[in-house]
Amino acid sequence: TIRRDLTTLERKNRIIRSFGGAVSIEQDESPVLNGLPSSVKLGQMVDGAESFRKRTEEHPEAKMKIAKAALKFIQPGDCIMMDNSSTCWFLARQIPDIDITVVTNSVKIIQALACRDRVRVIGIGGEYSERHDDFHGPISESIIRSFQIKTLFLSCQGFNIENGIRDGSEINSKLKNIMVQVSENRVLLADNSKLDKYAFSQVCTLNDINVLITNKLNDKRFNQRFPNLNIIECDK
């Protein structure tokens, strides 16, 4: 009952859901700091990221095209890592039954790959999030630091030239940043609805990314500012 009430309040923009509860959004004319209501304390952990179920329903066609384009960066013998994003879930469902190792903190991705006989799946443990159906926290971070990954596939809630790759959850952002640190190649999977979209916490900068796969970018500044970034536009 409480979860249903919180979901209703979230849809009405009365609260921001957080791990283990929610943060109230004042409905008066309170000041806003960088797009975040002043009632949200910057010192506390904030989870402004949407639930996994909701994310899977957003722009599925674009995510499917992006996932198919990302397959060429997966080769037999690779050790890859996938974050908890819905776009990576779309990618996991497209991966053929080949000899690779997949490391992920997403329960949904583990389930998607469970039927592959030749795909070795390593699940990252930690504190479980029912909302995102994944694991996070210090235990997850410690496990990730022990790996050496060839290619990381990740997504985000928003990205832009000035402020890089961002997520609505501080916890997710920190975990993804560690994933970036332990990976040789980093592939960002992000449809163009996320371009210039506000998100609370930075994951990394675009200088930390090797490949950006999107449906259509419509912004030539990316090529100018990041000449080493391989940009793939599925709808171009």
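These exercises work through ring pairs and a small sheet in a predicted model.

**Exercise 1.** Classify the ring pair of Trp89 and Phe90.

*Solution.* Start with the search of the whole structure, which finds 4 aromatic pairs. In one of them, the rings of Trp89 and Phe90 have centres 5.4 Å apart. That is within the 6.5 Å limit for a pair. Next, take the planes. They stand at 80°. Planes over 60 degrees apart count as edge-to-face. So the pair of Trp89 and Phe90 is edge-to-face.

**Exercise 2.** Decide whether Trp89 and Phe90 are buried or exposed.

*Solution.* The cut-off for buried is under 20% relative accessible area. Trp89 has 18%, so Trp89 is buried. Phe90 has 4%, so Phe90 is buried too.

**Exercise 3.** Find where the charged end of Arg93 lies relative to the rings of Trp89 and Phe90.

*Solution.* Take Trp89 to begin with. The charged end of Arg93 sits over this ring, 4.0 Å from its centre. Now take Phe90. Arg93 lies over the face of this ring as well, at 5.0 Å from the ring centre.

**Exercise 4.** Classify the pair of Phe159 and Phe222, and say which parts of the chain it ties together.

*Solution.* The ring centres of Phe159 and Phe222 are 6.0 Å apart. Their planes are at 65°, so this pair is edge-to-face. Now place the two residues. Phe159 lies in strand E11 (residues 158-160). Phe222 lies in helix H8 (residues 221-225). The pair therefore ties together parts that are 63 residues apart in sequence. Check the burial. Phe159 has a relative accessible area of 0% and is buried. Phe222 is also buried, at 0% relative accessibility. Finally, look for further partners. Ring pairs link Phe159, Phe222 and Phe226 into a cluster.

**Exercise 5.** Describe the sheet that contains E11, and the helix that packs on it.

*Solution.* Begin with the order. The sheet is open, has 3 strands and runs E11-E12-E14, with antiparallel pairing. E11 and strand E14 (201-204) are the edge strands, since each pairs on one side only. On average, neighbouring strands are turned by 35° against each other, direction ignored. Then look at one pairing. E11 and strand E12 (residues 164-167) run antiparallel and are joined by 3 bridges. Gly158 stands opposite Arg166 in E12. Last comes the helix. Helix H7 (residues 170-181) packs on the sheet and touches E12 and E14. The direction of H7 makes about 10° with that of E14.

Methods: Residues numbered from 1 in each chain as written. Predicted model: local features only at pLDDT ≥ 70, side-chain atom pairs only at ≥ 80, totals over all residues. Heavy atoms only, no water. Phe/Tyr/Trp six-rings, centres within 6.5 Å; stacked < 30°, edge-to-face > 60°. Buried < 20%, exposed > 50% of the residue type's maximum accessible area, 1.4 Å probe, protein only. Helix = DSSP H or I, 4+ residues; strand = E, 2+ residues; numbered from the N terminus. Lys NZ or Arg CZ within 6 Å of the ring centre and 35° of its normal. Pairing = 2+ DSSP bridges. Axes fitted to C-alpha atoms, helices over the stretch in contact; angles between N-to-C directions. Contact = heavy atoms within 4.5 Å.
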